[in-house]
Amino acid sequence: MFTDDTIAAISTPVGEGGIGIVRLSGKDSIEIVEKIFSSPKNKTLKDLKSHRVIYGHIKNPSTIKEVDEVLVTVMRSPYSYTKENVVEINCHGGMIPLRKTLELVLKEGARLAEPGEFTKRAFINGRIDLSQAEAVLDLIRSKTDESRRIAIEQLQGGLSEKITALRDRLTELCAHVEAYIDFPEDEIETASKEEMSETMKDIDRELQALLKTYDEARFFREGLLTAIVGRPNVGKSSLLNALLKKDRAIVTEVPGTTRDVIEEYLNINGLPLRIMDTAGIRAVQDIVEKEGVRRSLQSIENADLVIAIFDSSEPFKDEDFEVIEKIKGKNAIIVINKCDLPSAFDEDIITSCIMNHASCILNISATRGDGLEELKDRIFDLCLKDWREEREGVVITNLRHKTAIENAKASLNKAMSALIDNQPLEILALELRDPLDRLGEIVGAVTTEDILNRIFNDFCIGK
Ligand SMILES: Nc1nc2c(ncn2[C@@H]2O[C@H](COP(=O)(O)OP(=O)(O)O)[C@@H](O)[C@H]2O)c(=O)[nH]1
Ligand SMILES: [Mg+2]
C-alpha cells in the first residue's frame, strides 16, 4: 500500500479559468519542478522557504522554450495536505498550458496521480482518518450550505472523535475481561459484571442514537430523491419549472410531452432536493413513451418522497386512480394543481380517495405560483421530522458508516448475551473485539485495500 513515488495531476476543473493548478506530491516534487522552472533572478526552489510563493516560468528543458508564466508554491513535508513535499504550480487557466506543464513534470519523473490519490496519501500518512477523507469529497460535492456544514464538521473530526471515544470504552472493556482471563482463579464479581453490562448498554444506546440520525442526515449528503408523478398534462413539468424558477422541462398542452426523467437540484431551507420530473403515467402504445412510463414507475420505487399531482380543472380520471394505486405506502404529498381554474373535482373523491393516501394535501397553481412556498415548507417538515433537535450533535450521512455501526451493534449485542449467559470469558473477549474492529472501519483504523479503492475511486483526479 505504501508508495514513495511522486505523483502529479491537474487539480483544477477542465475548462477556462483565471488560473489552473498542477499539483505534485512526493519526496521528489521539488527536484522535479526545479528542472522545468526558472525565476528571473535565478532563485531555486530548493532554497525557497516552505509555504512561500515564487514567480517564474515553466520551460521545456530540452528546447529551453517558455511554456507558461507561473507562480510556484512549495509546501515541505510534513506541513502539507499529504504530509509529503507538495508543489503547486499556478498556471494560466487553460487546458493547453496546464497539459503541457503536466507533461513536463511527468517526463521529469512524476507519475500521473490516480483519482483521490492526494487525499489517500493524506490518510495513509496519518494526517486525516478515513471518515475525514470521505468528508473531503462530501464537501466538494455539497449542494447546500447545510450539506457543507455537515461535511466540514466531519472533516474537522467530529465523527472521528465520537467513534474513537466509543472505541476507547470498548478497548477498556476488553482489557478488563482479558485481565480476568489472565487470572483464572479470580471469579468475575457480580458488581463488576453489572458495571460491564451497564457500559455495554450505554455504548449500545450511543450507537443507536447515531444510527437514528442517518435516515434524515443522509438527505443532506445525497439529496432527497423526490419524484413528481401524475397522469399526462396535470402540470408536472410546470411544477418543476416553477420550483426551479426556470424553464427546465418542456411544457406544452400536448399530453406525453415529457418522455424521460429529468433530474435537477433544488435547495429548500438547506435541504438539497434531487427532484425528478417524470413522464405522465398512462397506458400507451408508443414505444418511447412506454419506456418513459416504465421509468416514472421506477422513480416512484426509488424515491424518498413522491409529489403526486392531480388536475382540479378536469374530472378525476381512471389514470388518476392508477397514480393513487402506485403511490400506496410511499412517503407522499398530494398536490392539486390548476387552482386558478374553476374546479371540476368532486369533493367526495378528495375525501374518500386522495386523503387516505398521503401525509398532506395542498392546492397549488404551478403557472401562477400559488402554494409553492407552502409546498416547500411541507416537504421540509415531512422529511425532516427529527432534524431540528439533532442538528447540534454528530450525525452520520454515509451508508458505509451506517453499515459499520449496525454491524458493531449486532456484535455488541452478542457480547452482552455472552456476559448474561455466563459464557467463558474467552468468548466474551472475542465478541468484544468485533465491535471494536467494526467501528475501526469507519475511521480507517481497520481497513483493506478494497475499502480504500472503493472510497478513493469516487474522487476526481487531482484531489
Ligand atoms: N391554468 C393552469 N394551467 C396549467 C397549470 N399548470 C400547468 N398548466 C398547463 O397544463 C398543460 C400541461 O402542463 P405540463 O407541465 O406540460 O404537464 P405534464 O404533462 O404533467 O408535465 C400546459 O399547457 C400548462 O401550461 C396551472 O397551475 N394552471
Ligand atoms: Mg411533462
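In describing the residues around a ligand, Ala, Val, Leu, Ile, Met, Phe, Trp, Tyr, Cys and Pro are counted as nonpolar, Asp, Glu, Lys and Arg as charged, and the others, Gly among them, as polar. On this basis, in what is a predicted model, the shell around ligand 1 divides into five nonpolar, twelve polar and four charged residues. The shell comprises 21 residues, of which G235, K236, S237, S238 and S365 are the closest to the ligand. The element that gives the most to this shell is helix α8, spanning residues 236-244, which supplies three residues.

Two open sheets were examined. One is formed by six strands in the order β9-β10-β8-β11-β12-β13, and its pairing is mixed. At its edges stand β9 (262-268) and β13 (360-363), each of which pairs on one side only. Neighbouring strands of this six-stranded sheet are turned against each other by 25° on average, with direction ignored. Within the sheet, strand β8 (residues 224-229) pairs with strand β11 (residues 305-311) in the parallel sense, over four bridges, and V229 is found opposite A308 in β11. Helix α9, formed by residues 287-302, packs on this sheet, where it touches β8, β10 and β11, and the direction of α9 makes about 140° with that of β8.

The other open sheet contains seven strands, arranged in the order β3-β4-β5-β6-β2-β1-β7, again with mixed pairing. Its edges are occupied by β3 (37-38) and β7 (111-112); each has a single partner strand, so one side of each is left without a neighbour in the sheet. The partner strand β1 (residues 7-10) pairs with β7 in the parallel sense over two bridges, with A8 standing opposite L112 in β7.

Helix α5 (residues 145-155) was considered with regard to its burial. The buried residues of this helix are S147, I150, A151, Q154 and L155. Viewed down the axis of α5, these buried residues fall within an arc of 140°, and they therefore line one face of the helix. Such an arrangement can be related to helix geometry, because an α-helix has 3.6 residues a turn, so that residues three or four places apart point the same way. The cover over the buried residues of α5 includes the helices α4 (130-141), α6 (158-182) and α7 (190-222), together with strand β10 (271-277), and β10 is also one of the strands of the six-stranded sheet. Helix α5 is followed by G157, which has a positive phi, near 100°.

Key: Residues are numbered from 1 along each chain as its sequence is written. Chains are lettered from A and ligands numbered from 1 in the order in which they are written. This is a predicted model: local features need pLDDT of at least 70, side-chain atom pairs count only at pLDDT 80 or more; totals for chains, interfaces and linings use all residues. A residue is near a molecule or strand if its C-beta atom, placed from the backbone, lies within 6 Å of it. A residue is buried if 20 or more other C-beta atoms lie within 10 Å of its own, exposed if 12 or fewer, and partly exposed in between; C-beta atoms are placed from the backbone. The arc is that of the directions from the helix axis to the C-beta atoms. Two residues are in contact if their C-beta atoms, placed from the backbone, lie within 7 Å. Two strands pair if DSSP finds at least two bridges between them. Axes are lines fitted to C-alpha atoms, for helices over the stretch in contact, and angles run from 0 to 180 degrees between N-to-C directions.
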